[in-house]
Amino acid sequence: MLTRRIFTFSIAALAVSALACSACGKKSDDIPVGAFLSLSGSDSTFGTDTRNGIEQAVDETNAAGGVKGRKIRVIYEDDKSTTQEASQKVRQLIDRDKVVALLGEVASSRSLAGGLIANTSHVPMVTPSSTAVEVTQGREWVFRTCFTDDQQGQVAAHFVHDELKKTKVGIFYAAQDTYSSGLARSFRDEWKKMGGTIVVDKGYQKGETNFTTYLNELKTAGPEIIFVPNYYNDMVQIARQAKQVGIPGDHFVGGDGWDSADLLEGAASELEGAYFTNHYAPDVPWPNAKKFLDGYHSRYKTDPSSLAAMGYDAARLLFDAIGRATDVTPDAIRKALAETKNFQGATGNLTMDKDRNANKPIVVVKITNKKFAYASQVMAQ
């Protein structure tokens, strides 16, 4: 009887094992892609919005039959909005999960950290929205689907000078932040080329919360426009304190770091009439955006941010490259990414240039009636 029980147990165990192996076999048929994002921490809104866009792209792609007859499986890692975690998570995705490509990060500082690991490991990485020029420099395995800070700063300067017809500006930025200081530099350089006047050029310490002294100095100098290329969480405090010292919202122009529902929730009234350069607005006029917008509304019951649109485009572009690649290997995928031309994205038509940066239009968004609205689009110089 005992022998029979052991035999019966062994057969059952083998059956369970076979089922497990069958499940594993099915899982291995998927194409593993890693995503490292700020899903918690100071920039969690950016990371969550980006993940929403990626998930929409994954579901649409898999519903249409996947890529090369295989489903896409995205493995997410939370880098907690820190560069150290970004490096560790990319290493885990490559070494532990054996991903064939990576999506991430949002912030340039974390893409620099994660991109170093990806480049050294020869795994292609596509960042949806890291705009610092250095992110792709000298890194043959790192790509981006967004414009660079150099391009964004140039467009912002020309918009203020040519469209708003202003000649006297102030510049106010987070001095220790790669994104903010880089965008300030590109705006400054282009503004000087056009012969404009800078009445105040001030960097504040990262982590600062009391901006009143800076804002009083800016007000006294009398700029027609204040260029503030920072992230939304800082901008909410700056806008509120600016109102208290008598600086109206339409005196501010920013960069894509402003794009968050939290900015509208926290300071929409204070920033009424302000503009910022961006990748996307829900009412952009090109047809490719409509499918994304309709799908996002159906899925999330709200308007997408540009981070969601960029996550969607980065994922779709990567999946498109995997489909065009000669094989599902990092090297073949990298080659296909580099050959991308006229990709039809929600954020505009994109061609990858020789430096692995996206050649695409830059959108100018206006804050009006507590919403983000499309104002214009400008190609980088």
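# A guided tour of the predicted model

Begin by selecting Gln241: apart from neighbours within four places in sequence, Gln241 is in contact with Thr209, Asn210, Phe211, Thr212 and Leu215. The structure on display is a predicted model, and the tour goes on from this residue to the whole chain and then to the empty spaces in the structure.

## First stop: Gln241

Extend the selection to residues 232-245, which form helix H8, the place of Gln241. Is Gln241 buried or exposed? Its relative accessible area is 11%, and buried means under 20%, so Gln241 counts as buried. Now add Thr209, one of the contacts of Gln241. Along the chain, Thr209 and Gln241 are 32 residues apart, and a distance of 9.9 Å separates their C-alpha atoms.

## Second stop: the whole chain

Zoom out and colour the model by secondary structure. The protein contains 12 helices and 15 strands. Taken along the principal axes, the box filled by the C-alpha atoms is roughly 95 × 45 × 40 Å.

How does the radius of gyration stand beside that of a compact globule? For 381 residues, such a globule would have a value near 21 Å; the protein has 23 Å, which agrees.

Colouring by accessibility is a useful next view. Of the 381 residues in the protein, 53% are buried. Among the contacts with a separation of 6 or more, 66% are made by residues 24 or more positions apart.

## Third stop: Asn119

Select Asn119, which lies in helix H4. The relative accessibility of Asn119 is 18%, so this residue counts as buried. Show its side chain together with Glu140: the side chain of Asn119 reaches the backbone nitrogen of Glu140 at 3.1 Å. Glu140 belongs to a run of partners worth displaying. Leaving out neighbours within four places in sequence, the contacts of Asn119 are Gly138, Arg139, Glu140, Trp141 and Val142.

## Fourth stop: Glu85 and Ala309

Move to helix H3, residues 83-95, and pick out Glu85. With 18% relative accessibility, Glu85 counts as buried. Beyond its neighbours within four places in sequence, Glu85 is in contact with Asp78, Asp79 and Lys80.

Then select helix H11, residues 306-324, where Ala309 has its place. Is Ala309 buried or exposed? The relative accessibility of Ala309 is 0%, so the residue counts as buried. Which residues does Ala309 touch, not counting those up to four places away in sequence? They are Tyr280, Phe292 and Thr347. To follow the chain here, draw a line from Ala309 to Ala289: the two are 20 residues apart in sequence, and their C-alpha atoms are separated by 8.6 Å.

## Fifth stop: the largest pocket

Turn now to the empty spaces. Rolling a probe the size of a water molecule over the atoms shows where empty space is left.

The largest pocket has a volume of about 350 Å³. Of the 18 residues lining this pocket, select the five that lie nearest its centre: Ala261, Leu264, Asp303, Pro304 and Phe372. Helix H2 (44-63), helix H9 (261-267) and strand S15 (371-379) are the elements giving two or more residues to the lining. The largest share comes from H9, with three residues. By class, the lining of the largest pocket has seven nonpolar, six polar and five charged residues.

## Sixth stop: the second largest pocket

The second largest pocket holds about 250 Å³ of space. Select Ser42, Asp43, Asp177, Lys206 and Tyr231, the closest to its centre among the 16 residues of its lining. The elements that give two or more residues to this lining are helix H4 (108-121) and H8. Both helices have already appeared on the tour, H4 as the location of Asn119 and H8 as the place of Gln241. The lining of the second largest pocket divides into four nonpolar, seven polar and five charged residues.

## Last stop: the cavity

How many cavities of 30 Å³ or more does a search of the whole structure find? The search finds one, and about 80 Å³ of space lies within the largest cavity. To display its lining, select Phe46, Val106, Ala107, Ser108, Ser129, Ser130, Thr131, Tyr179, Tyr231, Asp256, Gly257 and Leu307. Tyr231 is in this list and is also one of the residues closest to the centre of the second largest pocket. The lining of the largest cavity comprises six nonpolar, five polar and one charged residues.

Technical notes. Residues numbered from 1 in each chain as written. Predicted model: local features only at pLDDT ≥ 70, side-chain atom pairs only at ≥ 80, totals over all residues. Heavy atoms only, no water. 1 Å grid on protein atoms, 1.4 Å probe; cavity = no way out; pocket = protein on both sides within 12 Å on 5 of 7 lines; lining within 4 Å. Points joined across faces, edges and corners; volume = space filled by probe spheres on them. Nonpolar A, V, L, I, M, F, W, Y, C, P; charged D, E, K, R; others polar. Helix = DSSP H or I, 4+ residues; strand = E, 2+ residues; numbered from the N terminus. Buried < 20%, exposed > 50% of the residue type's maximum accessible area, 1.4 Å probe, protein only. Contact = heavy atoms within 4.5 Å. Polar contact = N/O pair within 3.5 Å; in protein donor to acceptor, adjacent residues only side chain to side chain. Rg over C-alpha atoms; globule rule 2.2 N^0.38 Å.
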